[in-house]
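Subject: Structure for you to look over

Hello,

Here is the structure I said I would pass on. My notes on it follow below the display.

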Amino acid sequence: MRSIRDGRLRVVVPALAWGGALVAAYGVGRGWGAAGAMAVIMIPVAVAIYVRAGRGTDRAAMMIGGGADERQALIRRRAWALAAVVMYAAAVIGGIVVIALRGVGHWSSYWPFALVALAWAAGYNAGEAGYGAAHGADYVPGADM
Amino acid sequence: MRNRVREQRIQRGLSQAELGAALGVSRQTVISIESGRYLPSLPLAFRIARFFDVPVDKMFDPEDEVAGS
């Protein structure tokens, strides 16, 4: 039980940290009144994540990550891969639409799309290199040590 | 690929949750393996075979594979 509670915190704490960063960004840009309202909305979201992560389901184990077995970890990896492909496609399509509407001269309009696409490409290349594709089929991790 | 996990588990009077706990996997994963929806990794397949003291090729039978699956 203890590990489940710890696992829940491993999910909730980063969610709160990201939410806090978002609230701070909103507060700096738009004022702290609206940011306060945003922070209040985050509380039930954090509670919902905490409750959901504590259930004995596949989804809870995948949310916690470290508590997942090999099948759950595989599902999680596939879901991440699908999410990355969808995100990449959305960035490319979004960039194309913006360029079609405003022309290539408006870099300020489409740089977020380009940033996401570049981040995806960098992540993909790092993954290929890190997981052994750059070494060819004969590569055995650890054999060259 | 068919397997005899369910048959062996029932023979030993174990629940899916108990087998999952013994193997270090979730009950849902035991259900998925038994139903053939999930093929376990080699290490897990060997763990299952050793747990039931059955050769791995008797526990997981590729000859039983349904054509096209």
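B:D53 counts as exposed, because its relative accessibility is 70%, over the cut-off of 50%. This is a predicted model, so please read that value and those that follow as computed from predicted coordinates. B:D53 is in the loop that runs between α4 (42-52) and α5 (56-59) of chain B. Its phi is positive, near 55°, and the residue is not a glycine.

Another positive phi in chain B belongs to B:G36, at about 80°. B:G36 comes just after α3(B), and that helix takes up residues 27-34 of the chain.

The helix itself is worth a look. α3(B) is largely enclosed by the rest of the structure, because six of its eight residues are buried. Those buried residues are B:Q28, B:T29, B:V30, B:S32, B:I33 and B:E34. I went through two of them, B:I33 and B:Q28.

B:I33 is in helix α3 of chain B. Its relative accessibility is 3%, and B:I33 is therefore classed as buried, the cut-off being under 20%. Which residues does B:I33 touch, leaving out those up to four places away in sequence? They are B:N3, B:V5, B:Y38, B:P40, B:L44, B:I48 and B:F60. Of these, B:L44 and B:I48 fall in the range given for α4 of chain B, 42-52. For a distance along the same chain, B:I33 and B:D61 are 28 residues apart in sequence, and their C-alpha atoms are 13 Å apart in space.

B:Q28 is in the same helix, α3 of chain B. With a relative accessible area of 17%, B:Q28 is also buried. Its contacts, again without residues up to four places away in sequence, are with A:G56, A:T57, A:D58 and A:R71. Those four carry the letter of chain A, whereas the contacts listed for B:I33 carry the letter of chain B.

Two loop positions beside α3(B) complete the notes on chain B. B:G24 is in the loop between α2 (16-23) and α3. At 56% relative accessibility B:G24 is exposed. B:G24 and B:P55 are separated by 31 residues in sequence and by 20 Å from C-alpha to C-alpha. B:S41 is in the loop between α3 and α4. Its relative accessibility is 25%, so B:S41 is partly exposed. The C-alpha atoms of B:S41 and B:R12 are 23 Å apart, with their positions 29 residues apart along the chain.

Now chain A. What elements does chain A have? There are five helices and zero strands, and from the N terminus the order is α-α-α-α-α. Chain A has 145 residues, and 19% of them are buried. Its accessible surface is about 10200 Å², with 70% of that belonging to carbon and sulfur atoms. If contacts between residues at least 6 apart in sequence are considered, 39% join residues at least 24 apart.

The second largest pocket is lined by residues of chain A. It holds about 240 Å³ of space. The lining consists of A:V11, A:R59, A:M62, A:M63, A:I75, A:R76, A:A79 and A:W80. Two elements give two or more residues to this lining, α3 (58-64) and α4 (70-102) of chain A. The largest share, four residues, comes from α4(A). By residue type, the lining has six nonpolar residues, two charged ones and no polar ones. Which domains of chain A does the lining draw on? At least three residues come from each of domain 1 (1-68) and domain 2 (69-145).

One of the lining residues, A:R59, is in helix α3 of chain A. A:R59 counts as exposed, because its relative accessibility is 52%. A:R59 and A:R71 are twelve residues apart along the chain, and 12 Å separates their C-alpha atoms. A:R71 is also among the residues that B:Q28 touches.

Regards

Key: Residues numbered from 1 in each chain as written. Chains lettered and ligands numbered in written order. Predicted model: local features only at pLDDT ≥ 70, side-chain atom pairs only at ≥ 80, totals over all residues. Heavy atoms only, no water. 1 Å grid on protein atoms, 1.4 Å probe; cavity = no way out; pocket = protein on both sides within 12 Å on 5 of 7 lines; lining within 4 Å. Points joined across faces, edges and corners; volume = space filled by probe spheres on them. Nonpolar A, V, L, I, M, F, W, Y, C, P; charged D, E, K, R; others polar. Domains from an automatic or database assignment. Buried < 20%, exposed > 50% of the residue type's maximum accessible area, 1.4 Å probe, protein only. Contact = heavy atoms within 4.5 Å. Areas by Shrake-Rupley, 256 points an atom, 1.4 Å probe, with all protein chains shown as cover.
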